[in-house]
Amino acid sequence: MYGEPLADADRLPPLPLSGPIDWRYAWPFSDRWLSFGQTGQGQDARPALMIALRSTPFPEQLPAEVSWLERLVAVTGWVPRAAYEVDWVAVESRLGTRLPSDYKALVQAFGHGMFDGFHCVCMPDELIKRSELEASLPQARWEPYPPFPAPGGLLPWMGNEHEQSFHWITEGPDPDAWPVYVTGADPEAGDRFDCTATEYLFRHLTDPQHPLPMPVDFRAHWFMDCG
């Protein structure tokens with residue numbers, strides 16, 4: 001269902017079976033892992049398939065005090081590697097603005113990759129490039145919000161394969177209070193969400209009643225590392 005395996009031999013989840021089986025790949029499907037490997041070596045090798053429960057919690061099982069970033073880590077089953085290093089001083093100096101703290105934490109926890117094989121959060125270099133590109137486009141196509149660095153302008157932080165764009169509306173002096181703005185190919189027709197990027201991403205992935213929900217088949221959630 002998901003093309004490339006979402007975990008290889010070095011990144012397999014804890015699997016409940018042991019023994020002389022070389023588990024090589026795994027895919028999430030709903031509340032299960034589908035894992036493929038082999039027994040034996042050479043001419044004695046035989047394929048092995050296992051279906052096992054995933055240990056990731058359902059969104060409604062998470063404690064209320066857990067942060068939105070911790071919720072994303074939990075529902076994707078992500079095991080963070082060493083923190084993705086970013087020179088935030090240089091990035092923010094280039095942009096001319098501070099960035100939301102939850103976005104910085106999201107980048108450092110996950111690094112470069114895709115949520116549910118669908119959403120790609122902009123890494124800082126890409127965020128700068130996209131921001132500069134959008135600022136160079138004709139202003140008329142950006143009503144009612146102009147592109148950043150105009151006051152209250154749109155600053156991109158995520159995209160997906162359906163040509164949706166996810167921006168902050170850079171209104172006010174506190175980046176942690178910037179709302180999220182979601183558009184399709186036409187930035188004039190967008191939806192505003194008064195929440196942080198990590199809250200938006202979590203609710204978008206997991207809430208079937210969200211105004212812009214994920215496809216109904218996406219009942220499992222994962223992070224595909226592209227680093």
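Helices and strands here are DSSP runs, numbered from the N terminus, and that is how the loop holding aspartate 116, between β4 (113-115) and β5 (119-121), gets its borders. The model in these views is a predicted one.

**Figure 1. The whole chain, for orientation, with five helices and ten strands.** Before we zoom in, here is the overall picture. Of the 227 residues of the chain, 43% count as buried. The chain exposes about 12,100 Å², and carbon and sulfur atoms supply 54% of that area. Among the contacts with a separation of 6 or more, 44% come from residues 24 or more positions apart.

**Figure 2. Helices α1 and α3 side by side.** Take a look at α1 (residues 68-76) and α3 (residues 101-110): their axes come within 10 Å and cross at roughly 30°. Angles under 35 degrees count as roughly parallel, so α1 is roughly parallel to α3. The crossing of α1 past α3 is right-handed. On the α1 side, Leu69, Leu72, Val73 and Thr76 take part, and they meet Ala105, Leu106, Ala109 and Phe110 of α3. Sorted by class, this contact has seven nonpolar residues, one polar residue and no charged ones.

**Figure 3. Helix α3 and the glycine that follows.** The buried residues of α3 are Asp102, Tyr103, Leu106, Val107, Ala109 and Phe110. Among them, Leu106, Ala109 and Phe110 also appear in the contact with α1. Just after α3 you will find glycine 111, with a positive phi near 70°.

**Figure 4. Aspartate 116 in the loop between β4 and β5.** This residue is worth a pause for its backbone: aspartate 116 has a positive phi of about 55°, although it is not a glycine. Its relative accessibility is 2%. Buried means under 20% relative accessible area, so aspartate 116 counts as buried.

**Figure 5. Alanine 135 in helix α4 (residues 124-135).** With a relative accessible area of 30%, alanine 135 is partly exposed. Leaving out residues up to four places away in sequence, alanine 135 touches Pro147, Phe148 and Pro149. Glycine 153 is 18 residues away along the chain, and its C-alpha atom is separated from that of alanine 135 by 9.5 Å.

**Figure 6. The cis peptide bond from phenylalanine 148 to proline 149.** Staying with the partners of alanine 135, this view turns to two of the residues it touches, Phe148 and Pro149. The peptide bond that joins them is cis, with omega near 20°. Proline 149 belongs to the loop between α4 and β6 (154-160).

**Figure 7. Threonine 183 in strand β8 (residues 180-183).** Threonine 183 has 4% relative accessibility and therefore counts as buried. Who are its companions? Setting aside neighbours within four places in sequence, threonine 183 is in contact with Glu163, Gln164, Ser165, Ala189 and Gly190.

**Figure 8. Aspartate 194 in the loop between β9 (190-193) and α5 (197-206).** Our last stop is an exposed residue: aspartate 194 has a relative accessibility of 64%. Its C-alpha atom is separated by 8.2 Å from that of alanine 177, which is 17 residues away along the chain. For contrast, look back at aspartate 116, which is buried at 2% relative accessibility.

Definitions and conventions:
Residues numbered from 1 in each chain as written. Predicted model: local features only at pLDDT ≥ 70, side-chain atom pairs only at ≥ 80, totals over all residues. Heavy atoms only, no water. Axes fitted to C-alpha atoms, helices over the stretch in contact; angles between N-to-C directions. Helix = DSSP H or I, 4+ residues; strand = E, 2+ residues; numbered from the N terminus. Parallel < 35°, antiparallel > 145°, perpendicular 65-115°, else oblique. Left-handed = near helix turned anticlockwise from the far one by under 90°. Contact = heavy atoms within 4.5 Å. Nonpolar A, V, L, I, M, F, W, Y, C, P; charged D, E, K, R; others polar. Buried < 20%, exposed > 50% of the residue type's maximum accessible area, 1.4 Å probe, protein only. Areas by Shrake-Rupley, 256 points an atom, 1.4 Å probe, with all protein chains shown as cover.
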